[in-house]
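Q: I'm in my first year and keep running into words like "buried", "paired" and "core". Can you take me through them on the structure below?

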Amino acid sequence: MAEIKRRDFLGMTLGGVTAVGAITSLVAMKKTWDPLPSVVSAGFTTVDISGIKEGEFFQSEWRGKPIYIIRKTSDEGFDPKRDFKINDSVFTLGIQICTHLGCIPIFHPDLKEFLCPCHGGKFTIDGINIKGTPPPRPFDIPPFKVDGTKIVFGEVGVEYQTMIGKA
Ligand code: FES
């Protein structure tokens, strides 16, 4: 009887040591996989849009990708899937990479279109691919958050969620 109890005790002790070891290993693995704080902060791009005038195109970079912001004029309409408002100003934005084969289309303010030099792809001012040209879909919209007069790319805000239909 005493022998069985001793065996049980040894078994429980060994099991406990194994469990602690496994948990310690998992914690160490998680720490290894988590990005460093400097890497996390590098994933954000903040743009102050207070200086962007009506009709102006602004380009920046987020995670190595070209991104753009356009403050639309009052006659350019409002597309809730592609635009958002700050007070009465309408802005549109996107990742300026052609959805055909990845070239960087150029915005032509006179035409209010993006033209891709590679194979003639065209996008509207809202970044929607124009039928009959090679790009199969609109520009991607990067996650963003409106913070006063600033846009923080890399964070998810209500304007972004509304545009992608998740708000
Ligand atoms: S990469 Fe833009 S049209 Fe082909």
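A: Sure, and we can start with a residue pair: arginine 71 has phenylalanine 91, in strand 5, as its bridge partner. Keep in mind that this is a predicted model.

Q: What makes strand 3 and strand 5 a pair?
A: Strands count as paired when there are at least two bridges between them. Strand 3 (residues 65-71) and strand 5 (residues 89-95) have five bridges, so they pass, and the sense is antiparallel.

Q: Which sheet do they belong to, and what makes strand 2 and strand 4 its edge strands?
A: They sit in an open sheet of four strands with the order 2-3-5-4 and antiparallel pairing. Strand 2 and strand 4 (83-86) are called edge strands because each pairs on one side only. On average, neighbouring strands of this sheet are turned by 30 degrees against each other, ignoring direction.

Q: How many helices and strands does the protein chain have, and in what pattern?
A: There are three helices and 10 strands. Going along the sequence, you read α-α-β-β-β-β-β-β-β-β-β-β-α.

Q: Which other open sheet is there, and which strands are at its edges?
A: Three strands make an open sheet in the order 6-7-8, with antiparallel pairing. Its edge strands are strand 6 (106-108) and strand 8 (122-124), each pairing on one side only.

Q: How do you know that strand 7 pairs with strand 8?
A: Count the bridges: three of them join strand 7 (residues 113-115) to strand 8, and the cut-off is at least two, so the two strands pair. For one of the partners, look at leucine 115, which has lysine 122 opposite in strand 8.

Q: What about strand 9 and strand 10: how many bridges do they have?
A: Strand 9 (residues 144-147) and strand 10 share four bridges and run antiparallel. With at least two needed, that makes them a pair. Valine 146 stands opposite isoleucine 151 of strand 10. Their hairpin has two residues between the strands, and glycine 148 in this hairpin takes a positive phi near 70 degrees.

Q: Which residues other than glycine have a positive phi, asparagine 87 being one of them?
A: Asparagine 87 has a positive phi of about 55 degrees, and lysine 112 also has a positive phi, near 55 degrees. Most residues other than glycine have a negative phi. Asparagine 87 lies in the loop between strand 4 and strand 5, while lysine 112 lies in the loop between strand 6 and strand 7.

Q: Why does asparagine 87 count as exposed?
A: It comes down to counting C-beta neighbours inside 10 Å. Asparagine 87 has 5, and the limit for "exposed" is 12 or fewer, so asparagine 87 is exposed.

Q: And why is lysine 112 called partly exposed?
A: Lysine 112 has 15 other C-beta atoms within 10 Å. Exposed stops at 12 and buried starts at 20, so lysine 112 falls in between. Glycine 55 is also partly exposed, with 15 such neighbours.

Q: Where is glycine 55, and which residues does it contact?
A: Glycine 55 is in the loop between strand 1 (45-48) and strand 2 (57-62). Leaving out neighbours within four places in sequence, glycine 55 contacts Arg71, Thr73 and Pro109. Glycine 55 and arginine 71 are 16 residues apart in sequence, yet their C-alpha atoms are 5.4 Å apart.

Q: What makes phenylalanine 139 buried?
A: Phenylalanine 139 has 25 other C-beta atoms within 10 Å, and buried means 20 or more, so phenylalanine 139 qualifies. Phenylalanine 139 lies in the loop between strand 8 and strand 9. Not counting residues up to four places away in sequence, phenylalanine 139 touches Gly94, Ile95, Gln96, Thr99, Phe123 and Gly127.

Q: Which residues form the largest nonpolar core, and why is it called a core?
A: There are eight: Ile67, Phe84, Leu93, Phe144, Ile151, Phe153, Tyr160 and Met163. The name fits because a core is a set of buried residues of nonpolar kinds joined through C-beta atoms within 7 Å. Strand 10 (150-153) and helix 3 (158-163) each give two or more residues to this core. Apart from it lies another core of five residues, including Cys98, Phe114, Phe123 and Phe139.

Definitions and conventions: Residues are numbered from 1 along each chain as its sequence is written. This is a predicted model: local features need pLDDT of at least 70, side-chain atom pairs count only at pLDDT 80 or more; totals for chains, interfaces and linings use all residues. Two residues are in contact if their C-beta atoms, placed from the backbone, lie within 7 Å. Axes are lines fitted to C-alpha atoms, for helices over the stretch in contact, and angles run from 0 to 180 degrees between N-to-C directions.
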